[in-house]
Amino acid sequence: TIQAVQETKFNAQNVFNSLPDRKLILDLIEKNKIQYNPDFLNDPNSVNKYTIEFFKATNLGIYGSDLNIASSFDQTQESMVFLKCVNVLAGSLGVNNIFDQRLFDRIQAQESNKDSILEIVIDAFKKVDETLKYNNRPATSAYILAGCWIEGLYVSCQMAQSLNTENIIKAIIEQKESLKHLIVMLESAPINEKASFVLADLKQLYDAFN
């Protein structure tokens with residue numbers, strides 16, 4: 001229904017709004033002298049292995065998060081590799097018009113401005129969310145956002161574990177709010193049985209945050 005679409009759209013916006021500020025991320029990297037580690041990220045060579053919609057959507061979110069991470073560390077070449085992965089999966093899901101050549105060109109034009117690149121990528125994912133919602137595919141959008149959030153948390157935890165720095169741990173703990181909104185979004189979307197484990201695991205994670 002239109003109401004359900006509007007509700008899930010609102011929930012997605014809540015998740016986007018409660019994600020960490022781009023400047024905070026860049027500041028944490030700089031202050032803690034965090035080094036880029038590609039081993040934490042999803043293998044770009046795996047992009048063609050995802051054949052079910054749930055896995056395509058989740059990994060579109062994961063690669064999108066990896067794209068953000070690579071660009072935060074000035075890894076221009078790797079950023080473009082992850083952008084191509086995003087483009088492949090977006091094409092497979094029917095939303096590749098958002099990750100087109102114009103987006104590539106915009107990102108390359110902002111090569112020296114990490115903050116702008118992060119903004120461009122987040123705006124693109126917001127457009128994907130809107131497109132899928134209005135095509136009555138709120139579950140697909142929820143999977144993308146879940147993949148994006150989970151990957152961001154995973155990489156942050158890997159970094160925090162290796163550095164054991166208080167301000168990184170504090171930034172992770174503050175993701176409880178975005179996790180809450182993500183759970184609400186997944187609960188309100190008609191997710192299929194294959195994806196139900198994600199919601200169950202996120203609820204367990206929320207208990208751990210508490």
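**Exercise 1. In which loop does lysine 33 lie?**

Before solving, some ground rules: this is a predicted model, where local features need pLDDT of at least 70, side-chain atom pairs count only at pLDDT 80 or more, and totals for chains, interfaces and linings use all residues. Residues are numbered from 1 along each chain as its sequence is written, and side-chain values use heavy atoms, leaving out hydrogens and water.

Step 1. Find the helices, which are DSSP runs of H or I with at least four residues, numbered from the N terminus. Lysine 33 sits in the loop between helix H2 (22–31) and H3.

Step 2. Check its accessibility. Buried means under 20% relative accessible area, exposed over 50%, and partly exposed in between (1.4 Å probe, protein chains only). At 65%, lysine 33 is exposed.

**Exercise 2. Look at lysine 133: is it buried or exposed?**

Step 1. Place lysine 133 in helix H6 (residues 114–134).

Step 2. Read off its relative accessible area: lysine 133 has 1%, so it counts as buried.

Step 3. Look for a partner. The side chains of lysine 133 and aspartate 129 share a polar contact of 2.6 Å. (That term takes a pair of N or O atoms within 3.5 Å; within protein, one must be able to donate a hydrogen and the other to accept it, and residues adjacent in sequence count only if both atoms are side-chain atoms.)

**Exercise 3. Work out the phi signs of aspartate 74 and asparagine 136.**

Step 1. Recall the background: most residues other than glycine have a negative phi.

Step 2. Aspartate 74, though not a glycine, has a positive phi of about 65 degrees. Its loop runs between helix H3 (53–72) and helix H4 (76–93), and it is partly exposed at 46% relative accessible area.

Step 3. Asparagine 136 isn't a glycine either, and its phi is positive at about 60 degrees. This one lies in the loop between H6 and H7 and is exposed, at 58%.

**Exercise 4. Which residues of helix H8 (residues 166–173) are buried?**

Step 1. List them: Ile168, Ala171 and Ile172.

Step 2. Ask where they point. Their arc around the axis (taken from the directions from the helix axis to the C-beta atoms) is only 100 degrees, so they lie on the same side of H8.

Step 3. Flip to the other side of H8, and you'll find Glu166, Lys170 and Ile173 exposed.

Methods. Helix = DSSP H or I, 4+ residues; strand = E, 2+ residues; numbered from the N terminus.
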